[in-house]
Amino acid sequence: MKHKMSIIMIILVVFLGITAINAATQEETTANEILNQNNSQDSNILIVYFSRTGENYNVGNTEVGNTAMIASYMKEYLKADSYEIIPVNKYPSGYDECLDIAKKEQQENARPEIQNKVENIDKYDTIILGYPIWYGDTPMIVNTFLEQNNLEGKTILLFNTHEGSQDAGTYNKIAEKLSSSKVNTNGLALQGQTARTQEGKQKTIDWLKQQGY
């Protein structure tokens, strides 16, 4: 009897594991479809995000990064345009290897190159900028974006993913850097695991509502 119960438990665990994997895959597929939708001609909101696929801490291997998941919720809710910051030199898919490069870029105050440009950034009144926290700071490629684009006079909202450091003081740093913009430092900081759930989606929508959207 105990042997039969053990087999049933194993089958149940495997079934639940497969179900969870399928649900996660569906969430990523949906996020990709949303983010790949063409930008509209009349939106005055641009969601700018930098996100990394591959091995992520406490999440595993992903085809859609944690920050990109949040960006997809925003794009769907706001019917806004989106722009992904894509590096010329792709970061490694391995978590530790990526951390090594991120640390080196910080030490060198590097400005990694971006392969794609924002089209017609002047038409947007509001920029919603998202990124992960790497070594207690914004990834250096986000600074590349901020320095290459004229955001003067625009409203800037901020969001990020993290694994315990919240925004790590980056909202205030960006506000100082963009002193000629209207930076809202009441940002949204979600842990990576939460960002990939319905709870994370609801928190994102609730935050947008609190900002008046």
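Buried means under 20% relative accessible area, exposed means over 50%, and partly exposed covers what falls in between. Keep that cut-off handy for the exercises below, which work on a predicted model.

**Exercise 1. Classify the two partners of the salt bridge between aspartate 81 and lysine 123: buried, partly exposed or exposed?**

Step 1. Start with the pairing itself: the side chains of these two residues meet in a salt bridge, at 3.7 Å from N to O. That fits under the cut-off of 4 Å.

Step 2. Place the partners. Aspartate 81 sits in strand 4 (residues 81–84), while lysine 123 is in the loop between helix 3 (95–107) and strand 5 (126–132). They are 42 residues apart, so this pair links distant parts of the chain.

Step 3. Take lysine 123: its relative accessibility is 32%, so it counts as partly exposed.

Step 4. Now aspartate 81, with a relative accessible area of 1%: this one is buried.

**Exercise 2. Which residues are linked with Arg111 in a network of salt bridges?**

Step 1. Look at arginine 111 and glutamate 147: they form a salt bridge whose closest N and O atoms are 3.0 Å apart.

Step 2. Glutamate 147 belongs to helix 4 (residues 140–148), and arginine 111 to the loop between helix 3 and strand 5, 36 residues away.

Step 3. Check accessibility: glutamate 147 has 47% and arginine 111 has 32%. Glutamate 147 is partly exposed, and arginine 111 is partly exposed too.

Step 4. Add Lys177, and you have the network: Arg111, Glu147 and Lys177.

**Exercise 3. What is the angle between helix 2 and helix 7, and which salt bridge ties them together?**

Step 1. The two helices pack at about 55°, with their axes 9 Å apart. Helix 2 is therefore oblique to helix 7.

Step 2. For handedness, helix 2 passes helix 7 in a right-handed crossing.

Step 3. Next, the contact. Helix 2 brings residues including Ile70, Tyr73 and Glu76, and helix 7 brings, among them, Lys201, Ile205 and Trp207. The contact residues divide into eight nonpolar, two polar and three charged.

Step 4. Find the salt bridge: glutamate 76 pairs with lysine 201, the closest N and O atoms being 3.2 Å apart. Glutamate 76 lies in helix 2 (residues 66–78) and lysine 201 in helix 7 (residues 198–210), so the pair ties together parts 125 residues apart in sequence.

Step 5. Finish with accessibility: glutamate 76 is partly exposed at 33%, and lysine 201 is partly exposed at 22%.

Notes:
Residues numbered from 1 in each chain as written. Predicted model: local features only at pLDDT ≥ 70, side-chain atom pairs only at ≥ 80, totals over all residues. Heavy atoms only, no water. Helix = DSSP H or I, 4+ residues; strand = E, 2+ residues; numbered from the N terminus. Buried < 20%, exposed > 50% of the residue type's maximum accessible area, 1.4 Å probe, protein only. Axes fitted to C-alpha atoms, helices over the stretch in contact; angles between N-to-C directions. Parallel < 35°, antiparallel > 145°, perpendicular 65-115°, else oblique. Left-handed = near helix turned anticlockwise from the far one by under 90°. Contact = heavy atoms within 4.5 Å. Nonpolar A, V, L, I, M, F, W, Y, C, P; charged D, E, K, R; others polar.
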